[in-house]
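Me: Could you walk me through this structure with a few questions and answers?

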Amino acid sequence: MRNSLAAKRREHNLRQDEVARAVGVSRQTIIAIEQGKYDPRLALAFRLASFFSCGIEDLFDPDE
Amino acid sequence: MKPWILFFAVGFGTLAVIIAVGQALSIPPLIINVLIGAVIIGGGLGSKWLSDRQRRAARADSEDSLEHQISVKAAAQTFQIAILAIAGLGAIALFDGSPLTTGFAFAFLLIAIAAHWLIYARLRRRALSTDGTHEVP
């Protein structure tokens, strides 16, 4: 599953650790998601979308 | 990394002191063994405490974290290895002519497999249970 988490994070001028702390996961989790090596659970995907004030489909693309 | 270096240094240092004092003062081996056992058990509990503390600090214990998912997978794979190890122990004991050890090994094997399926059934039942509000007409 492709995602635009890294782009969103840079757009908001945030560090990986800041995003991780905001959504309650480890920094390694954010790194793995950004690299496309880890697909988050639905609850975390929603928290990330909520944190960036966007829709879940704006962050994650299930077609990829 | 530093807390672990300190932890192991204190642990091995304590063991060395116990052994050295025991030899110097001719303390009975039973007391030395009990003290060494206490340090090893304390070390095991301490390492778990330290590990949990570090995981909490890094939010690695969160259910959504990569580390948690990996930990669950690792535990599942370790269970399979443990099952094989117990079966192997039972087989060795069988050929070694130790009926009590063989019995214990196969009893543990049965308990572990039964526990797996009981937990599986409980989790499946919980996942599929409904309060009637989500029934498909």
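Reply: Sure, starting with a definition: buried means under 20% relative accessible area, exposed means over 50%, and partly exposed is in between (1.4 Å probe, protein chains only). This is a predicted model, where local features need pLDDT of at least 70 and side-chain atom pairs count only at pLDDT 80 or more, while totals for chains, interfaces and linings use all residues. Residues are numbered from 1 along each chain as its sequence is written, chains are lettered from A and ligands numbered from 1 in the order in which they are written, and side-chain values use heavy atoms, with hydrogens and water left out.

Me: Is R47(A) buried or partly exposed?

Reply: R47(A) has a relative accessibility of 32%. Buried needs under 20% and exposed needs over 50%. So R47(A) counts as partly exposed.

Me: Which side chain meets R47(A) in a salt bridge?

Reply: A salt bridge is a side-chain nitrogen of Lys or Arg within 4 Å of a carboxyl oxygen of Asp or Glu. Here the N to O distance is 2.8 Å. R47(A) sits in helix α4 of chain A and its partner in the loop between α2 and α3 of chain B, so the pair joins two chains. The partner, buried at 5% relative accessibility, is D64(B).

Me: Which residues do shared salt-bridge partners join into one network with R47(A) and D64(B)?

Reply: Another salt bridge, at 3.2 Å from N to O, has R41(A) and E63(B) as its partners. That pair also crosses between chains, from the loop between α3 and α4 of chain A to the loop between α2 and α3 of chain B. R41(A) is partly exposed at 36%, and E63(B) is partly exposed at 47%. The residues joined into one network with R47(A) and D64(B) are R41(A) and E63(B).

Me: What does E34(A) meet in a salt bridge?

Reply: E34(A) is buried at 18% relative accessibility, and its partner is buried too, at 10%. Their side chains come within 2.5 Å, N to O. The pair links distant parts of the chain, helix α3 and helix α1 of chain A, 25 residues apart. The partner is R9(A).

Me: Which element gives the largest share of the largest nonpolar core?

Reply: A nonpolar core is a set of buried Ala, Val, Leu, Ile, Met, Phe, Trp, Tyr and Cys residues joined through side-chain atoms within 4.5 Å. The largest one has 18 residues, and L5(A), I30(A), I33(A), L48(A) and L59(A) have the most contacts inside it. Helices (H or I, at least four residues) and strands (E, at least two) are DSSP runs numbered from the N terminus, and those giving two or more residues are α2, α3 and α4 of chain A. The largest share, four residues, comes from α4(A).

Me: How do α1(B) and α2(B) run, roughly parallel or roughly antiparallel?

Reply: Axes are lines fitted to C-alpha atoms, for helices over the stretch in contact, and angles run from 0 to 180 degrees between N-to-C directions. These two helices pack at about 175°, with their axes 10 Å apart. Angles under 35 degrees count as roughly parallel, over 145 as roughly antiparallel, 65 to 115 as roughly perpendicular and the rest as oblique. That makes the pair α1(B) and α2(B) roughly antiparallel.
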